[in-house]
Amino acid sequence: MRLVIARCSVDYVGRLRAHLPLATRLLVVKSDGSVLVHSDGGSYKPLNWMSPPSTLRVTAPDDADRAEGITEVWTVQHGKSDDRLVISIREQLHDSSHDLGVDPGLVKDGVEADLQRLLAEQIELLGAGFTLIRREYMTAIGPVDILARDSAGRTVAIELKRRGDIDGVEQLTRYLELLNRDPIMAPVRGVFAAQQIKPQARVLATDRGIDCLTLDYDAMRGVDDSASRLF
C-alpha cells in the first residue's frame with residue numbers, strides 16, 4: 001500500500017462529474033489497483049475513489065498546468081468504463097509504501113454474525129421468491145453481508161447491523177455505488193436490515209431508495225413465538 005500526503009485538486013470524469021478544489025489530502029494507492037482520496041475529517045469515507053480494475057498513470061504537467069504550480073498529474077483509469085480520476089498534485093508532503101500482508105478479513109461479533117447466518121437460512125424474510133446468492137460477497141471496499149436475488153431476478157445487497165444508524169446506510173450506499181458499476185450485475189438494490197433502525201437512518205435509507213427491514217432475533221432463533229404474544 002502506498003500512502004501519499006499532498007496538496008492537490010481532484011476531478012472525477014465519466015458518467016458522473018465531481019471536483020475537489022485544492023487542499024491537503026491523503027492519497028491511498030492499494031495493491032488491488034484502487035485509489036482513494038481522504039481528508040482529515042468526514043469519518044472513514046473517502047472524498048472520492050476509483051475501484052479496481054484500474055490503472056494509475058503518472059505524467060508531467062503541460063505548460064498551462066505547470067504555470068499553476070502543478071508538479072505531476074495522476075490519471076486513474078477504470079478498466080471497464082470511461083470513468084477516470086485525475087489528481088493534480090502541487091506539492092508532496094509524504095510518500096511511503098508498506099507491505100500489509102494477507103488480511104484475514106472481518107470477523108463479525110456474535111449477534112451480528114448470527115443475524116447474518118439466520119437471515120441467509122431464512123432468506124424468505126426479505127420477501128416471497130427471494131433466493132440466496134452468497135454470504136460475505138467480497139468487493140474492493142469490503143464484504144457485502146448478504147447478496148441475494150428477488151422474485152424478479154434482480155440482485156439485492158443486504159447490510160446487517162444490530163442497531164442500524166446512518167453510518168450503516170452510508171456503508172450500504174458505497175457498496176451499491178460500486179456494485180452498480182458492474183453492467184452484468186446492475187441494477188442492484190439495497191436492503192438495510194437490523195434489530196433496531198434509528199429514525200434518521202430510516203429516513204436516509206428511504207431517500208436513497210434503500211428498503212429497511214427490522215429483524216426479530218429471538219424469533220429467528222426459534223426461542224420466541226411472536227404469533228403467540230398478546231402484545
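**Exercise 1. Find the space inside.** Start from a cavity volume of about 40 Å³, the value for the largest cavity in this predicted model. Work out which residues line the largest cavity, and which strands supply at least two residues of the lining.

*Solution.* Begin with the count: there is one cavity of 30 Å³ or more. Next, list the walls. The lining is made up of Lys30, Ser34, Val35, Leu36, Trp49, Met50, Ser51, Pro52, Ala140 and Ile141. Now map those onto the fold: β3 (35-38) and β4 (48-50) each bring at least two residues to the lining. Last, sort by class, and you get seven nonpolar, two polar and one charged residues.

**Exercise 2. Take apart the nonpolar cores.** Say how many residues the largest nonpolar core has, and which element gives the most to this core.

*Solution.* First, the size: the largest nonpolar core has 18 residues, and those with the most contacts inside it are Leu119, Leu126, Ile146, Ile158, Leu160 and Leu215. Then look at where the residues come from. Two or more are given by each of α2 (110-121), β9 (142-149), β10 (155-164), β11 (188-197) and α5 (217-221). Of these, α2 gives the most, with four residues. Zoom in on Leu215 next. Setting aside neighbours within four places in sequence, Leu215 is in contact with Leu115, Leu119, Leu160, Ala193, Ala194, Gln195 and Met220. Don't stop there, though: a second, separate core has 17 residues, including Val144, Leu147, Ala201 and Ile210. As background, nonpolar side chains tend to be buried together in soluble globular proteins.

**Exercise 3. Buried or partly exposed?** Classify Glu159, Thr75 and Asp65 by their relative accessibility.

*Solution.* You need one cut-off here: buried means under 20% relative accessible area.

- Glu159 sits in strand β10. Its relative accessibility is 0%, so Glu159 counts as buried. Beyond four places in sequence, Glu159 has contacts with Asp145, Gly168, Gln171, Leu172, Tyr175, Val191, Phe192 and Ala193.
- Thr75 belongs to strand β6 (residues 72-78). At 14%, Thr75 counts as buried too. Leaving out residues up to four places away, Thr75 touches Thr55, Leu56, Arg57, Arg84 and Leu85.
- Asp65 is in helix α1 (residues 63-67). With 23%, Asp65 is partly exposed. By the same sequence rule, Asp65 touches Ile70 and Val73.

**Exercise 4. Check the cysteines.** How many disulfides does the structure hold, and are Cys8 and Cys212 buried or partly exposed?

*Solution.* The disulfide count is zero. Cys8, at 0% relative accessibility, counts as buried. Cys212, at 23%, counts as partly exposed.

**Exercise 5. Hunt for unusual backbone.** Which peptide bonds to Pro53 and Pro187 should you flag, and what is the sign of phi at Glu136?

*Solution.* Keep the background in mind: most peptide bonds are trans, and most residues other than glycine have a negative phi. Take the prolines one at a time. Pro52 and Pro53 are joined by a cis peptide bond, with omega about 0 degrees, and Pro53 is in the loop between β4 and β5 (54-59). The bond from Ala186 to Pro187 is also cis, with omega near 0 degrees; Pro187 is in the loop between α3 (166-179) and β11. Then turn to Glu136, where phi is positive, near 50 degrees. Glu136 lies in strand β8 (residues 131-139) and, at 23% relative accessibility, is partly exposed.

How values were computed. Residues are numbered from 1 along each chain as its sequence is written. This is a predicted model: local features need pLDDT of at least 70, side-chain atom pairs count only at pLDDT 80 or more; totals for chains, interfaces and linings use all residues. Side-chain values use heavy atoms; hydrogens and water are left out. On a 1 Å grid over the protein atoms alone, a cavity is a set of points where a 1.4 Å probe fits but cannot get out, and a pocket is an open set with protein on both sides within 12 Å along at least five of seven lines; lining residues have an atom within 4 Å of a point. Grid points are joined across faces, edges and corners, and a volume is the space filled by probe spheres set on the points. Ala, Val, Leu, Ile, Met, Phe, Trp, Tyr, Cys and Pro count as nonpolar, Asp, Glu, Lys and Arg as charged, and the others, Gly among them, as polar. Buried means under 20% relative accessible area, exposed over 50%, partly exposed in between (1.4 Å probe, protein chains only). Contact means heavy atoms within 4.5 Å. A disulfide is a pair of cysteine sulfur atoms within 2.5 Å. A nonpolar core is a set of buried Ala, Val, Leu, Ile, Met, Phe, Trp, Tyr and Cys residues joined through side-chain atoms within 4.5 Å.
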